[in-house]
Every structure is written in C-alpha cells, then in structure tokens.
Amino acid sequence: MEDFLYFFTFQDPSIVFVVIGIILLGVGSAYVGTYSFLDKKALLGDAISHAILPGICLGFMLAGEKNPLFIVSGAFISGALATFLSSWLNKNTRLSEDAIIASILSIFFGFGIVLLTIIQKSGNPEMAGLNQFIFGNAIAIQESDLYIYGGLAVFIILCLTIFQKEFSLLVFNPDYGRAIGFPMGMIRVIFNILMILSVVIGIQAIGVVLMAALLITPGAAARFWTDRLGVLVILAGVFSAVSGVLGTYISFVIPQMPTGPWVVVFLSILALISFLFAPKKGVLSRYISRRIYLKKTHRDHLLKLLYKGIEADKSGLPIEEIYEAFPFQKKQSEQSIKNLAKDNFITQNQSFIELSISGKSEAKRIVRLHRLWELYLNEYMNIAPDHVHDTAEKLEHILTPEMEELLESRLNFPKLDPHQENIPRDHDEL
Amino acid sequence: MSFDQNAFLIIITAAMIAISCGLLGVFMMLRKMSMTGDAISHAVLPGIVIGFFVSGSQRGLEVIIGAGILGILATLMIDWLRRKARVQLDASIGITFTLLFAIGIILINLLAYKVDLDQECVLYGEIAYLPIDLWLTKSGLNMGPRILYLSLLNLILVTAFIILFFKELKVTSFDENFSKVIGIPAGLINLSLMSMVSYTTVSSFEAVGAILVVALLVVPPATAFLWTRKLKLLIQLTIVLGIGISIVGYYLAYLFDSSIAGMIVSVAGIAFLASALFKSKSFLSRFGTSRQPESLKKIV
Amino acid sequence: MITQVKSPILEIHDLTVSYDQSPVLWNVDLSLPSGKLIGILGPNGAGKSTLIKAIMGLVDPSGGYVKLFDKTLEEVRSRISYVPQRESVDWNFPASVLDVVMMGTYGKLGLFKRPGKKEKELSMESLEKVGMHGFANRQISELSGGQQQRVFIARSLAQNADLYLMDEPFAGVDMATETAIFELLQEMTAAGKTVIVVHHDIYSAVNYFDWFIMLNLHLVASGPKETVMTEDLLRKTYGGKLNLLTKVSDLIRQKEFNPLKN
Ligand SMILES: Nc1ncnc2c1ncn2[C@@H]1O[C@H](COP(=O)(O)OP(=O)(O)O)[C@@H](O)[C@H]1O
Ligand SMILES: [Mg+2]
C-alpha cells in the first residue's frame, strides 16, 4: 500500500519521468501497431523488434556506453535493414512471406546474441544496462532518455494524426489511393519508418522479444469495441498506456522484475476482457444475443401454434397440448407462456390459453412472414413446396417490416402460400 | 583453434539439434507455418519453467510434458482466437506467444530461487558447457554429456515421425482439402507436427536457447528451398546445411569468443542471404542465364 | 425447373451454406442420376465451388444434408474423387508431377503404408490418359497452368472412384486439351462413372454435358440438357443476383451470430 501511494502520488520526479515515458511510447506503439494490424502485417512488427538487437549492440560497442543517441540510431538502422531485406526477398525469391519474416527475425536475433555475448565477455561494466533491452526495464528510463524516446513518440503520434487520411488509404485501399494520384510507395516507406521508430523507442520498456505485443494486442483488443478508426486508435492508446503504467508499477515494487512481461500480461488481460465482454462483437455478448434470439424464436413458435389452433377452429389450446407440441422443452415453454402473458399477447384461463387481440396481430405477422418467405422460395428459387418450410421457420424471426413490404410487392400481395394456406393480413377477421 | 573431444561433442550435438529442427522446419515452411513454429517455441516457456519447478533439480520428463502441453495449448489458443473470437490469424499468433512467453519470464523471476533456470539460458542456451554437464547413473557411472543423449533421442524420434508420416505430411502440406477428402486426418497430423515442434524446442533449449531453436527451424529449410524444387533434395540439403553451419559456427564462435548458438545462426543467416542474392530473380536476369522455369512462370 | 430422379447417385437436401455469417448457398435441393456427365453453371461467386466443397464435407452446412450413393460421405469416401480449383494450392511446392498424382492413391493405402509399384503404375496410367506421361518427373512449379490442371485431373483418375467432382478443370486449358479431356470424361461416363464438372463457358458446355445444374446463390435449375438449356433459365442464372436475397444476407450479416445455424 505504501508503495502504491508512493508510486501513484508521483512524489518522486524520477517516477514521473518513467510514467510519462511509458505512456508516450505505449501510445505511439499502439497507434502505429493498430495500422499495421489493420494492414494484416502484425508479424512484421515482431520481426523488426527482434531485428533491432544487433543494432543496439553495435551502437553500444561504438559508443562504449549506454548512450541513447547511438543506441537509437543503431537500432533504427538495423530495423530498417531488416524491413528492406524482407520486402526485397518478397520480390526476388519464391519464398513465402511467412518464411521470410521468420528467417529475418531469427537471423538478426541470432547475430544480436553473438554481439551481446562478445560485449559481455569484454567485461564492460555497463553491460547490465544492455540486458534490459531484451526484456525491458521501464524504471531505468531517465530524464535524458525521456527527451529522445518521448520526443520520438510525440513525433510518431503527430505524424500519424496529421497524415491519417494517407495511412488509412494505405491500409484499406492502396490501389484506389494510387488511382487518385497518391504516392503510395512513398507513404508505405514513411509508415515503415514510423513503425521502426516506434519499435526502437518501445524496446527500452518492453524489450525486443515482447515488443510485438505492444504493437499487436492493443489494436486487436480495441477492434472489438468500435468500427471507427479514430476511436480505434485512441482506445488502443489507452489500453497500451494503462498496461504500461501498471507494468511499470509492478517492476517498481518487485525489484529484479522486468517490466515487459508484466505490460504484456496486463495488455493480454485487457484483450481477453475485450474478446469476451465487448458489446456486440464479444464472445459473451454474441452468446447472450443468441440466447435471447432463441427465446424469441420459441415465443414466436408458440404464437404460431395458437394461431394454427384458431385456423383449425379452436379458440385456444390447453396448456398440456402446448407442452406436447414442444417435446423436451417444457421449461422454455413455461417461460415463453409467462413472457407472452406479461406482454398481454395471451390470456390464461385456468390452463386454457387464448390469443389476445394484440397477440393475434403478432401471430398473424409471424405466420405472414413465414408463408411469404415460403412462397418466395417456391416462386423465385424453384424450391418444391414440401422443402420450403425449414428455412422459413428460421427467417420468419428476422425479416424486418421493410423486407415484408418488399416481399409483398414482389409477390404481388399473394393470398395463398405454396401449401394453399391463407396468408393472413392484419385486417383479416379471425 | 583445435579439434579436441569437446569440440567434437559440441558439434555433434549442435548438428543433431539442427537436423531435428530442420526436418520439422521443412514441413512448417511448406505449410506456411514458420511463424506458428516461432510462436510455439516461445510459448512453451511457462511449461518448461513449471516442469523445472515440479521436478526440482532432476530435470526429467516433467519438463518435456509441461512444454508439450503448453505447445498444444498455444496451438489451440491461436485457433480459439481465430475461430471463436474472430481475431485475424497473424494477430492471434502474436497475442498468444507474447502472453505465454511473458508468463514464462515472470515465472522464472518469481521462482528464481527454486528453479535453476535463468533468462539468459532461455534466450541463448549454453552449449559450451555441454561437456561438463554429465549424465551420471545411480551407481555413479559417467555416461558422457547429458544433452548429447537428449538430442540423440530427439533426433531419433523426429526422424521416425517424419519417416512414418512422410506421405501424410506431404499431402496435407500440399493440399489440405484434398487430404481431408481422401480421409487423411489432417487436423491430427497438424497437431502431431506441432507437438513434435514443442518437444524439440524443449529438448534443445538448454543447448541453443528457446529462441534460437526458431532459427534452426526456419533458416536452413528456407535456404535449401532457394536451391531445389524437389522435396527429397530439400530435406537432404537441409540436413547438410544443419551439419555445415554447426561446424563453421562452432569454430567462428571459438575465434570470436562468442555464443556458439548465436554464431551458428549467424552463419546460417549468411548462407541464407548469400543464397537469396545468388538465386534472386534480379541476380539471375542480370548475371546468369535466365533459367527456363523463371521464364515459364511469366508465361503462365 | 428442377428435375428430381429416382435412386439418385447424389442427393442434396435443402442445403444452405454460410461463410462466417453470409449465406452463399440457399436451399439447394436436387438429385442427380448416375452415369451422366453433369455440368455446374453459374456466374463468378455463385457458390459453385462452395457447393462442391459442401458435398465433399469441406465446409459445414448451416442446414440440410448430402447423401451419396444413398449413404453418408464417411461411408463412401473411397468411391468419390475431387479435383479442387487450381489456385487452391501453392504450385511452388517441391514435388514432381508423379508425386502429386500418386497422392490420389493415398486414400486407399491407409496410414503408414507407402505407395509401391502398383500405385506407381496406376499413376503413370492416369498421367497417360491426360497426355502428361512425358512430364512424370518434371517439378510441378515448372508446369504451365493447363499442365497443372491436367496433373490434378490425373490425380483424381488415380483415385479410381465412381463419382468425380471437378472444380473448373478446364480453366486455363487450351482448346485441344479441353477437347481431349472432355472425350476422356465421356469415356468414363460411358463406363458407368458419374462426372460432375464446374464449367465457366456456356457455349462449349452445351456440347459437353448431358445434365445441368444452374446456380446463382440458389438453385436455378437442375435437369437434362433439353429441359434446362433455355434462354429464360440462363438469364435467371447469369442475369444478376436476386435483390431480395442479397438484402436478407445483409440483414443476417448484421446479426451477432448466424440465425440460420441450428
Ligand atoms: N472461405 C471463404 N470465406 C468467406 N467467404 C467465402 C469463402 N469462400 C468463398 N466465399 C464467398 O462465397 C461466395 C461463393 O464463392 P464460390 O463458391 O467460390 O463461388 P464460385 O466458385 O461460384 O465462383 C463468394 O461471394 C465468395 O466471396
Ligand atoms: Mg469457384
């Protein structure tokens, strides 16, 4: 608790730097990552982040210390080289993109490891600082780092915001962009540069191995909440910033604990929550709306049953007959009857059930849609009358009034369905 | 530079690991699943850590089982994300392996005092210590380097797997739908291949590190693919490359005093890039006699 | 115009197929006689490949079922052969022509058994039938599109089946080869086999097939050539999609789940 207060009241200026740093670079990476996620190039980011390791080591070797400028430049150059090589290999060999990305990733990383061990054995005391680049240590962000990393992050965010139109063209419709005269090749290059930059600055906090998460996960999670690009990137940025701060907090409380893994865990938790609980697209809400829908279909079928009773000159049905009509579904039938009674669609007298006025009208609507669709299947899709029932049974619940109108006019306000049964209209007497 | 018994042991072990990885890698590449292989070899980490924790100082079957379970779990999680949550494939892969790897690293740090495993070992292994990590029987008999046996067992199992299921692997990699139609259990074959990849990752990670396993899985097959259009030759070439990079990598590492595994991968990388340059379309059209297949391709 | 037959070799009952949430085949209901050369016609995206895949159990229908030889697919797998669209595989795969054709024999071989002399002979015969025996040892990446197509046909011949389903086997094939392959298919049907072919060209189709299936998201017609080759039905097949059907598809896609699924 003490730690918690100390950290989140930001008394310590070094914590302020760290938090600002992680928020900026988290938002920057999430921002770029969302575009590359939409571009279906998420794993290129993974390759670039592994590929940066040799550059970091070379920068370190040249400077002889952990100089942010040398390290950022080295990292940028090796990231750019990896990106260039991937697209060159893609154009010039018959290897698949998947094999190319995996090869580039592991070759650069392997070479990085070689350099890392060489530095290690050289006995440079600053070596410990270098190890942080593998799993990240946000706590080590200092004021001087902040100007470079934070500055680059702000630059990335500004670039993406200003050229939002161009980059969304790149992601959604590059051919159209080319056709209306945008230099799409150039835009791709700039986008790649931004991507490399965002990886370069993210490494300090997350580390090369896990950097991919900062690029991929926020966008994938945010995608579940919205379809609009503007909202999408902001949400991704928020996810990323929140996870970044939480991860930093953990590695502040537990010494020796690298930041990167915790940021990734928090990001993944947010993503999991999104996958499960996001409205509309989430697994749970899809499940729930399916349940609600199934309930509605049962209710509709019950209304239809009562309506058919009326057609057979029975003013209503005993409840037992209804249960029998839906074998093994007594529970649902009870529930439906309760709901229908509450909506005043049916009246229950002892155990005899009758449609009310509004119930009749609703039942007619469903039967009408069912029989209209049957007729449509029969007339327009040549399906034999004895085969049209099943699909109509499913579609009667989802056809909108607008579709109903279209069907009516297309079929010329028919009187009978393919089974020679009456298609009921609202004004029909019952 | 010397050729002593230790060098021989290290090279033999490295070569065996490279061959096991390469054999599986050929099929991973042909299925366009190299990145899935990458994801699996990251994702098995928590299984390895838990296996170490459970088995204590005795590194035993628990580790392999733990990793095997995690490997399959990763495959299923990628599949779940794709099908149920409807996340696109590349993102599913990325999310899965980063999460599982992160959990592995956290576990290592949390269990640091109880588990004889550190981050560096996970990353790049230490094949150099192989000759002193011996397998002692209960009666105290020295059987030689432990990892040598692990790799040998791994190689035998991988080879047996490839030989037994060669026909099935071939047809499912080329045309999955057709294989399903003729009644080959494509899903099962796929899951077995993934299990073999996770097993190979665990078996090899102490020597070359979990991440460099990926390199051996991917780079030699990709390099060989540039040189041949025949499956048998592709496999043979991959094996030769595995042996070659182990020998050259070892001596270069010796020369520069660096990580052996890292150097092996770097050598593989140089071979790959040189092959790509030599076999690239632009190089062929500029310097070589433009070979018939390339020109045929354009007509098609 | 849908002609149903007695004791059909293939019976499709009220089949509806959706990808994710868009229905691409609506209520296909037909039955086919055996020993005929049957053409499937329809514009691009009509669901022709989907129909074949549903028959072969490669996509799960959201409604309806398929029966082959009056049995389920599992029971008669070895009697059915399938030629997928050429673009469905990566032809850079390192395999020789013979390798690919031999894959046709794998189904009958079973697990662990390796193809031997008998399988090789069968494969060579199949190659000869499509005029590709000279290419047996050629790598598939070095073939032209038409040659690749013929390799696929040879592979299916090597399956030695009773019912053949071929998805656009004539795409990218030159006229002479097309005629040759077509004669081969006619010989097969004369010998009692049934061949179902997705075909893209109406004009040549008229000469080739005895029976037609016309698709455009739904079944427009299925029947003998004389009864279905009418201008009216062709216009229904190729003259654009049914407006209402597209609207309902949109409606379904906007739902969070597929309401057509049971
Ligand atoms: N795997 C798939 N996922 C989603 N949609 C698909 C898939 N395969 C085909 N479709 C869509 O289904 C429709 C029918 O496709 P298909 O059966 O291939 O048509 P055809 O073979 O008649 O050209 C097309 O609109 C196509 O876009
Ligand atoms: Mg098709």
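Is T189(C) buried or exposed? This tour of a predicted model begins with that residue and then passes to the two domains of chain A.

**First selection: T189(C)**

Select T189(C) and colour helix α6 of chain C, residues 175-190, in which T189(C) is found. T189(C) has a relative accessibility of 10%, and because buried means under 20%, this residue counts as buried. Next, display G35(C), K36(C), L37(C) and V195(C): these are the residues in contact with T189(C), once its neighbours within four places in sequence are left aside.

**Second selection: the domains of chain A**

Turn to chain A and give separate colours to residues 12-278, which form domain 1, and residues 282-430, which form domain 2. A distance of 56 Å separates the C-alpha centres of domain 1 and domain 2 of chain A. Six residues from domain 1 of chain A and four residues from domain 2 of chain A take part in the contact.

**Third selection: the boundary between the domains**

Between them, domain 1 and domain 2 of chain A bury about 340 Å², with 58% of this area on carbon and sulfur atoms. Now select L276(A), F277(A) and A278(A), which supply 71% of the area that domain 1 of chain A buries against domain 2 of chain A, more than any other three residues.

Finally, inspect the polar groups here. Five residue pairs are in polar contact between domain 1 and domain 2 of chain A, both residues being at pLDDT 80 or more. On the side of domain 1 of chain A that touches domain 2 of chain A, five residues are nonpolar, one is polar and none is charged. The count of salt bridges between domain 1 and domain 2 of chain A is zero.

Technical notes: Residues numbered from 1 in each chain as written. Chains lettered and ligands numbered in written order. Predicted model: local features only at pLDDT ≥ 70, side-chain atom pairs only at ≥ 80, totals over all residues. Heavy atoms only, no water. Domains from an automatic or database assignment. Contact = heavy atoms within 4.5 Å. Buried area = accessible area lost by both parts, 1.4 Å probe. Salt bridge = Lys/Arg side-chain N within 4 Å of Asp/Glu carboxyl O. Polar contact = N/O pair within 3.5 Å; in protein donor to acceptor, adjacent residues only side chain to side chain. Nonpolar A, V, L, I, M, F, W, Y, C, P; charged D, E, K, R; others polar. Helix = DSSP H or I, 4+ residues; strand = E, 2+ residues; numbered from the N terminus. Buried < 20%, exposed > 50% of the residue type's maximum accessible area, 1.4 Å probe, protein only.
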